[in-house]
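Dear colleague,

Please find below the structure that I am handing over to you. I should be grateful if you would look through it alongside the notes that come after it.

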2 protein chains.
Amino acid sequence: MTRRLTVAAAQLGPIQKAEGRDVSVGRMVRLMEAAHRRGVEVVVFPELALTTFFPRWYEADRAAADHWFESALPSNETAPLFEAARKYGIAFHLGYAERTPEGRRFNTAVFVHPSGEIVLKYRKVHLPGHAEYDPVRKVQHLEKRLFEVGDLGFPVMRAPVGGAGPVNLGMLICNDRRWPEAWRVLGLQSVEVVMLGYNTPSLNQDNRGFEAHHLRVLHSHLSIQAGCYQNATFAVATAKAGVEDGHELFGHSIIVNPQGEIMAQATSWGDELITADLDLDMCRLGRETIFNFAVHRRVEAYGRITAQTGAEVPAEWQPTGD
Amino acid sequence: MTRRLTVAAAQLGPIQKAEGRDVSVGRMVRLMEAAHRRGVEVVVFPELALTTFFPRWYEADRAAADHWFESALPSNETAPLFEAARKYGIAFHLGYAERTPEGRRFNTAVFVHPSGEIVLKYRKVHLPGHAEYDPVRKVQHLEKRLFEVGDLGFPVMRAPVGGAGPVNLGMLICNDRRWPEAWRVLGLQSVEVVMLGYNTPSLNQDNRGFEAHHLRVLHSHLSIQAGCYQNATFAVATAKAGVEDGHELFGHSIIVNPQGEIMAQATSWGDELITADLDLDMCRLGRETIFNFAVHRRVEAYGRITAQTGAEVPAEWQPTGD
């Protein structure tokens, strides 16, 4: 029996700073309606999908950013997403800023069953940017200030989804996709579909380097395609796109198969639904042959990956003069 | 002061089973002459560069394959390579089958200073294929039978090369390039140039899957480009190419920069020299910003990478019915 799953990346155009959750949730519900018409069983929304990408603004008082965070899910404002999921029988992935009852803040994503139950939660591990105001940057990127590092690891859950029966589901958020360690930890749990949302500027605003504008999409796609190929998994990678409060986000949402091929790609900078029909048995080829981890991995040679955080300087060669 | 290094990938066309080392070494010396004319300071030859890719033939008696191995380097047959290196002041990377005085066998590469001294030796860690005769395969791939797993880890050495001053050099061999762990262990030692030789068939002869012929080059390039980008390193990746004893090897040698861009690519299936002038300071952008490992890596979330070899089955979700 073929295990097939129809998925969508529901790219969002920009959400301006002044726009409330009523605007973003309304747009997302319309994307779920479109997904329903196209036979979709899982919709993946981007990172921090409910608001503008607020880590670009510095607040001396961290609590001044709290209005960007959700303290409950669903809330009155997000309830329409859950209602649409139930109405259409569609599961969804949502990125949002989480504030726990204890006041902890995370960059979080959840995977929600059509029933409204939360199947899986992930908190972003690889927070990019910086923690203090940086006068060199044209645009701040304060994720390290506004969020704690995720404390849930990289979980994978086997859950019934659509008509495919149980599917091994994992999640990454934005900058995580550039880190092969994150993909590998998911691969070591037999992940079959990685759901991944991002808000990525077209310009690296670090202003210290010379990273070219035209390479930003290459880097995103390269990381996702390699992650899929090397872990024999599908990925649904969904962007927030377009000019948001004056800052361009590059979009280019993609759905990728376990051979690293792009199956679908968004080509607008607005709200756009791209879909693909996944044959989940395609995950088997890689994991039973070239990436059969049990047969081919050599963990005794990987020690540095977990034993050290930063890069070391190598030994210097001394000619013997022989 | 800019640190520049001119490198070449010296792709080799096929070496037939009946051809001796005099033939392959003669061709390699001619490539070194060509490299000299083009101002090259480092030449990278492929994996097992001295002979045909012999792991495609099964021998019940392993010792019957010993004539493919080198028990000394240089030997009378390989001395012309060392002489050319000295004459032209060119360093070179050579892949070969190594038989130690104790009779151990490895798939090995060395980096040789123009003086003839061996600066760095690496023994292939990720041996693909299988150890016993496989009746399902159209072509055997007996690396797991003929070689031991490399016992030198993934070493990086800082050595003076050409006019660039000390350069951080590392090596991978063929299938290693598909494993992000291998790249990362090099990256954690601040590698700047990865030298990498391969013999990769255009068809995966496993005959169990459905991996498409047309994806083989994509997979090779994807792995190399992602490895370079994610570790802020250059790579010189050199193929043996063309129809060798009836079996097609895909070639497509490339030189890649730390942004993951292909700087040069071989387009023939024969002996071909491709060159690039590397600005080694390009390695700094990645490692000082987005891939500043000390600032951004989260080893506490990577435990599975070294704690388990094979993939596990994830937990199954149980709806609470709430």
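The notes below cover confidence, the interface between the chains, and some local backbone features.

Please bear in mind that this is a predicted model. Chain A has a mean pLDDT of 95, with 98% of its residues at 70 or more. The ipTM is 0.97 and the pTM is 0.97.

Interface of chain A and chain B

The size of an interface is often given as the accessible area lost when the parts come together. Here chain A and chain B bury about 7400 Å² between them, and carbon and sulfur atoms account for 64% of that area. Each side is well defined in number: 81 residues of chain A and 81 residues of chain B take part in the contact.

There are 35 residue pairs in polar contact across the interface, counting those with both residues at pLDDT 80 or more. On the side of chain A that touches chain B, helix α5 (residues 216-231) of chain A supplies the largest share, namely eight residues. Sorted by class, that side of chain A holds 39 nonpolar, 25 polar and 17 charged residues.

Six salt bridges are counted between chain A and chain B. One of the salt bridges joins the side chains of Arg158(B) and Glu316(A), at 3.8 Å from N to O. The backbone also pairs between the chains: strand β6 (residues 156-160) of chain A runs parallel to strand β14 (residues 315-316) of chain B, with two bridges joining them. Within this pairing, Arg158(A) has Glu316(B) as its bridge partner.

A hairpin in chain A

Strands β11 (residues 254-256) and β12 (residues 262-265) of chain A are antiparallel and share three bridges. Ile254(A) is partnered by Gln265(A) in β12(A). The two strands form a hairpin with five residues between them, and Gly260(A) in the turn has a positive phi of about 85°.

Backbone exceptions

Most residues other than glycine have a negative phi, and most peptide bonds are trans. His252(A), which is not a glycine, nevertheless has a positive phi of about 60°. His252(A) lies in the loop between β10 (247-250) and β11 of chain A.

In chain A, the peptide bond from Leu73(A) to Pro74(A) is cis, with omega near -5°. Pro74(A) sits in the loop between β2 (42-44) and α2 (79-88) of chain A. In chain B, Leu73(B) and Pro74(B) are likewise joined by a cis peptide bond, with omega about -5°. Pro74(B) belongs to the loop between β2 (42-44) and α2 (79-88) of chain B.

With kind regards

Note on methods
Residues numbered from 1 in each chain as written. Chains lettered and ligands numbered in written order. Heavy atoms only, no water. pLDDT = per-residue confidence, 0-100. Pairing = 2+ DSSP bridges. Helix = DSSP H or I, 4+ residues; strand = E, 2+ residues; numbered from the N terminus. Contact = heavy atoms within 4.5 Å. Buried area = accessible area lost by both parts, 1.4 Å probe. Salt bridge = Lys/Arg side-chain N within 4 Å of Asp/Glu carboxyl O. Polar contact = N/O pair within 3.5 Å; in protein donor to acceptor, adjacent residues only side chain to side chain. Nonpolar A, V, L, I, M, F, W, Y, C, P; charged D, E, K, R; others polar.
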